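Reader: I'd like a close look at just one helix in this model, end to end. Could you walk me through it, and then add a few words on the ligand site?

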Amino acid sequence: MNYQSTRDPALRATAAEAVLDGLAPDGGLYCMPSFAELLFDWKRVLDMDTQGMATEILTALLPSFTKEEMRVLVKNAYTGKFETDGLTPTVQVGDDTVLELFRGPTSAFKDVALSMLPQLMTAAREKCGVTDEILILTATSGDTGKAAMEGFCDVPGTKIIVFYPDGGVSAVQKAQMATQAGKNVCVCAVRGNFDDAQTGVKNIFAAVTEQKLLAGKGVRLSSANSINIGRLAPQVVYYFRAYADLVHEGKIRVGDKVDYVVPTGNFGDILAGYFAKEMGLPVGKLVCASNANNVLTDFLQTGRYDKNRPFYKTVSPSMDILVSSNLERLLFLLSGDASLVKKLMGELKENGVYQVPVDLQRALHELFWQGWCDDEGTKKAIGMVWREYGYLCDTHTAVAWDVAQQYKAAHPDHAPVVILSTASPYKFPAAVLEGLGHGAKGDEFDIMEQLRNETGIPVPKNLAGLRERTVRHKDVIDRGQMLDYVLNKATTKEWW
Ligand SMILES: *Cc1c(COP(=O)(O)O)cnc(C)c1O
């Protein structure tokens, strides 16, 4: 199975090349043409442990690597890094199952993929015979940046630059990034919102490719955002893990459908659920949960994507996104039509809006349901879940929780529901504490302590003691300076 650009079938790449490059040269995303060629025995993996499951799934999706090679990469990526060997535990909360994706090194679900990506990237570099240093560029709405730096920290042959929206991440997220150790890491705030940072990064890729700005410099660019297929593939695994858990607990039988509710921003997490479904897993509805930046809710309802709307800073900042990159892959897979995708993406860039054809809209309705929840509803959900079930969830998970209840109310015949939980509540302590009905006092670190006192839930190790760590990264720039910043860094040998 080869990959191709979502905008041009002639731009093909092996899985290893797709991982290495991140973005296709025409600005499209690398994607498999369809899942038809992919033969995958989904039932067989249900009895495996998580690393075994990951080995099978990743080899199927990234066939540049043999199963033996992948087994080693998976082992190196995950062994000892998460709180449990299963990586992503499931917990019964009321009638629903919560899939905890945040038990990794930086307490966000991004760890699942970003522990794996450096392994894939360095193996791909070797496979493709590339000797250039890989410079990873990443835009982050708060969680990707930290998880990516942790993953790539001091990985030989790689360097990483992370851009985040100045003032657009939580104090805890900012402190996590600004205190990052490592000789090959760099973090920079950009004046603007996440979409500005993400567009800035895409423009740098385009400029560097078109004008060959790094030719002969011994450096090449790649991405750790979910535009990189190597970021997406590892996320497919936990859909299987959760399903297998439900089977083993006797809550479902093999073959029964399960509905998954996913707090969504860049559409990477939920797209991985679609991949799982295409690989055979009996996924029922994929429920797309948004915050007040509900561009996806409207799109899935109407087939019209319109980013011309106010941008809200919410208490679930990792979902404050109006341009969801991975939707492009879904449109490509559902239509099989790269020229249509190219046209729609052109309209999005030009006018900020596009309308999909009716048959595509129908296919979307089959697969997805959608809902959203504002900040007030988010905090209410946090308080309710804590009081009713003694379960403390973060703001993003609370959005999904609320939308899950909306979904069930609208579909009395729904399948068992799995809610994806994407971050530790201690990453967003102020809003969580308010949700519990307490006023927050002091800075976010005092509030973390206050939250621990109120709930007795332990603070994850990587977040406790954050306040004492030295701030190493202080750069703040304008959007227009991003390209120069990268070119300057790219040609500087020693960063520290
Ligand atoms: C990134 C993130 C999301 C959104 O995931 P996408 O793949 O961008 O849709 C949701 N919650 C948290 C906590 C995140 O960090």
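Author: Let's take H16, which runs over residues 375–389. Keep in mind that this is a predicted model. The helix has 15 residues and spans 21 Å from its first C-alpha to its last, close to the 21 Å expected at 1.5 Å a residue.

Start at the front end. There, a side-chain oxygen of Asp374 comes to within 3.3 Å of the backbone nitrogen of Glu376.

Moving along, you hit the residues of H16 that are tucked away: Gly377, Thr378, Ala381, Ile382, Gly383 and Val385 are buried. A bit of helix geometry is handy when you look at that list. With 3.6 residues a turn, an α-helix has residues three or four places apart pointing the same way. As for what sits over the buried residues of H16, the cover includes strand S4 (90–93), along with helices H17 (395–410) and H18 (429–435).

At the far end, just after H16, comes Gly390, and its phi is positive, at about 65 degrees.

Now for the ligand. It has 15 residues around it, and the ones that come nearest are Lys110, Asp143, Gly265, Asn266 and Thr422. Asp143 puts a polar side-chain atom 2.5 Å from an oxygen atom of the ligand. Backbone atoms join in too: a polar one of Asn266 is 2.8 Å from a ligand oxygen, and a polar one of Phe267 is 3.0 Å from a ligand oxygen. On its own the ligand has 380 Å² of accessible area, and the protein covers 98% of that.

Key: Residues numbered from 1 in each chain as written. Predicted model: local features only at pLDDT ≥ 70, side-chain atom pairs only at ≥ 80, totals over all residues. Heavy atoms only, no water. Helix = DSSP H or I, 4+ residues; strand = E, 2+ residues; numbered from the N terminus. Expected span 1.5 Å × (residues − 1). Buried < 20%, exposed > 50% of the residue type's maximum accessible area, 1.4 Å probe, protein only. Contact = heavy atoms within 4.5 Å. Polar contact = N/O pair within 3.5 Å; in protein donor to acceptor, adjacent residues only side chain to side chain. Near = heavy atom within 4 Å. Areas by Shrake-Rupley, 256 points an atom, 1.4 Å probe, with all protein chains shown as cover.
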